[in-house]
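Hi,

Here is the structure I promised to pass on. Have a look at it first, and my notes follow underneath.

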Amino acid sequence: SVDAIVLPPFQLQADFGRTNKGPVFDANYGTEEDLDHLIQEASRRKIRIFVDLPLTSSRTTVELVNAARFWLSRGIAGLRLTLDAHSSSLAPAQIVERLRELRKLCATFAGQRVVFWDMVEPIPRLADIAVSPYRRSRRTVAPVAAEVPQLVLDTRLAAMTGIDAGWLRRALQAEVSLPPTDGSTPVSVTDGPDGSRSFDRLGDGSHTVEIAKVMATVLLASRGAPLLYYGQEIGTATPPAEATGAQSASVG
């Protein structure tokens, strides 16, 4: 069964965090009423909705938190954190600051609101830096679970370019042998918008369906939470547009 749906990237208007006036996102994606209807219908089916929130989509942490508050107030269950073309403009301390503030914000809403680190870059470990929107201070305590995402992307299976039992074994052993970092749960993926789908990438032309079933078993039976790229559940091949890196929805 599907527990959550991760919507494809769409952002609030660039000035939302500063003005809160006018349409909140591009009309090509629909209206706020459409979003509310989607959340309500998904909730009725016990499916949670995640939205994309680039850490660099706002100039300041306060603006980013304001944007996140909008999503959470609409009933969104989780924030999928990503980096965009401006990611190099953020220092590690700024990333830690934004992550901490988002976790704190999520804790103020009823129910479990989840922060999902959907990036190949590791989470910066700056245990000695405590940052607030108003001041910076030094400390020596290690980060606690409330300061890190509940879900963290694991791309080891997505890095496979051919079926390899040794690679599979090492990936699964690494996932099982290491405890979740600071309480985070790994999110296992084999497919995504940045390359060929596993159905093509791992298939050998003769046993492609069998290989796909093996990968599905590995993905769904691993310790991590599985994330299926849309169409993966029915063995969708790589469309030409997708092979060039087109963005599309993810389903988990």
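**Cores, a buried aspartate pair and a cavity**

The largest nonpolar core is made of 33 residues, and those with the most contacts inside it are Leu53, Leu55, Trp71, Leu79, Leu81, Leu102 and Trp117. By nonpolar core I mean a set of buried Ala, Val, Leu, Ile, Met, Phe, Trp, Tyr and Cys residues joined through side-chain atoms within 4.5 Å; buried is under 20% relative accessible area, exposed is over 50%, and partly exposed is in between (1.4 Å probe, protein chains only). At least two residues of this core come from each of helix H2 (32-44), S2, helix H3 (61-73), strand S3 (78-82), helix H4 (92-106) and strand S4 (114-117). H3 supplies the largest share, 6 residues. There is also a second, separate core of 10 residues, with Val6, Phe50, Val114 and Val187 among them.

Before you go further: this is a predicted model, where local features need pLDDT of at least 70 and side-chain atom pairs count only at pLDDT 80 or more, while totals for chains, interfaces and linings use all residues. Residues are numbered from 1 along each chain as its sequence is written, and side-chain values use heavy atoms, with hydrogens and water left out.

For the overall picture, the chain has 8 helices and 11 strands (DSSP runs numbered from the N terminus: helices are H or I, at least four residues, and strands are E, at least two). Of its 252 residues, 42% count as buried. Taking contacts (heavy atoms within 4.5 Å) between residues at least 6 apart in sequence, 74% join residues at least 24 apart.

Now the polar part. Which side chains make polar contacts with Asp52? Arg80 does so at 2.5 Å, and Thr82 at 3.3 Å. (A polar contact is a pair of N or O atoms within 3.5 Å; within protein, one must be able to donate a hydrogen and the other to accept it, and residues adjacent in sequence count only if both atoms are side-chain atoms.) Asp52 sits in strand S2 (residues 48-54) and counts as buried because its relative accessibility is 4%. Leaving aside neighbours within four places in sequence, Asp52 also touches Pro9, Phe10 and Trp71.

Arg80 has another acidic partner: its side chain is joined to that of Asp118 by a polar contact of 2.3 Å. Asp118 lies in the loop between S4 and strand S5 (129-131), and is buried, with a relative accessible area of 14%. Asp118 and Asp154 are 36 residues apart in sequence, and their C-alpha atoms are 8.5 Å apart in space.

Asp154 turns up again in the lining of the second largest cavity, together with Arg156, Leu157, Ala171, Leu172, Glu175, Ser188 and Ser222. (On a 1 Å grid over the protein atoms alone, a cavity is a set of points where a 1.4 Å probe fits but cannot get out; lining residues have an atom within 4 Å of a point.) The volume of this cavity is about 60 Å³, counted as the space filled by probe spheres set on the points, with grid points joined across faces, edges and corners. Helix H5 (residues 165-177) gives the most to the lining, with 3 residues. The whole structure has 2 cavities of 30 Å³ or more.

One backbone oddity to end on: Lys46, in the loop between H2 and S2, has a positive phi of about 60 degrees although it is not a glycine.

Cheers

Key. 1 Å grid on protein atoms, 1.4 Å probe; cavity = no way out; pocket = protein on both sides within 12 Å on 5 of 7 lines; lining within 4 Å.
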